Amino acid sequence: MANSEERLQSILATLEQCRLALVKEARPETAKLVSLAVLDLRIDLSKVPDSDLKALCDAMTPPEQGPAGRSNDPNSPRGPRKRAVLKLV
């Protein structure tokens, strides 16, 4: 397992170098795509549970406006919006 993690760390370092090179070459869209791959590897390496990632996304996403938006009403079809609880890794 340690060997696998070392390999992923090496790949991560290579992706970071590629991302920096793409930024220097004024390829921001491609650099963003590589950033997603970097993020995915970092998540795997840090073993952040999916539930924590969902909570983070929910906390960062602004609530929808209007009648179709999320409600704090427990009788709402979407249910109440819960406050995200995040753990530091």
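In this predicted model, the elements of the chain follow the order α-α-α from the N terminus. The chain holds 3 helices and 0 strands. Of its 89 residues, 16% count as buried. The accessible surface amounts to about 7400 Å², and carbon and sulfur atoms account for 58% of that area. Among contacts in the chain with a separation of 6 or more, 43% are between residues 24 or more positions apart.

The nonpolar interior was examined next. In soluble globular proteins, nonpolar side chains tend to be buried together. The largest nonpolar core of the chain consists of 7 residues, namely L12, L22, A31, V34, V38, L41 and L45. Two or more residues of this core come from each of the helices α1 (2-24) and α2 (28-46). Helix α2 gives the most, with 5 residues. One of the core residues, L41, is in contact with L8, I11, L12 and L15 when neighbours within four places in sequence are left aside. Of these contact partners of L41, L12 is itself a member of the core.

Nonpolar side chains also appear at the surface. L33, L36 and L39 make a nonpolar surface patch of about 320 Å². Within this patch, L36 has its place in helix α2. L36 has a relative accessible area of 54% and is therefore exposed, the cut-off for this class being over 50%. Helix α2 thus holds L36 of the surface patch and also gives 5 residues to the largest nonpolar core.

Charged pairs were then considered. Side chains of opposite charge can pair when their charged atoms come close. The structure holds 4 salt bridges. One of them joins the side chains of E5 and K47, with an N to O distance of 3.0 Å. Because E5 lies in helix α1 and K47 in the loop between α2 and α3 (50-60), this pair ties together parts of the chain that are 42 residues apart in sequence. With a relative accessible area of 30%, E5 is partly exposed.

E16 takes part in two further pairings, with R19 and with R42. In the salt bridge between E16 and R19, the closest N and O atoms are 3.3 Å apart. Both residues lie in helix α1, with a spacing of 3 residues, or about one turn of the helix. In the salt bridge between R42 and E16, the closest N and O atoms are 2.8 Å apart. This pair links distant parts of the chain, as R42 is in helix α2 and E16 in helix α1, 26 residues apart. Together, E16, R19 and R42 are linked in a network of salt bridges.

The members of this network were also assessed for accessibility. E16 has a relative accessible area of 18% and so counts as buried, since the cut-off for that class is under 20%. R19, at 23% relative accessibility, is partly exposed. R42 is likewise partly exposed, with a relative accessible area of 42%.

Helices α1 and α2 are thus related in two ways: both give two or more residues to the largest nonpolar core, and the R42 and E16 pair links one helix to the other.

Note on methods. Residues are numbered from 1 along each chain as its sequence is written. This is a predicted model: local features need pLDDT of at least 70, side-chain atom pairs count only at pLDDT 80 or more; totals for chains, interfaces and linings use all residues. Side-chain values use heavy atoms; hydrogens and water are left out. Helices (H or I, at least four residues) and strands (E, at least two) are DSSP runs, numbered from the N terminus. Buried means under 20% relative accessible area, exposed over 50%, partly exposed in between (1.4 Å probe, protein chains only). Contact means heavy atoms within 4.5 Å. Accessible areas come from the Shrake-Rupley method with a 1.4 Å probe; for residues, only the protein chains shown count as cover. A nonpolar core is a set of buried Ala, Val, Leu, Ile, Met, Phe, Trp, Tyr and Cys residues joined through side-chain atoms within 4.5 Å. Patches are made of residues with over 30% relative accessible area and no salt bridge: like charges are joined within 9 Å, nonpolar side chains (Val, Leu, Ile, Met, Phe, Trp, Tyr) within 5 Å.
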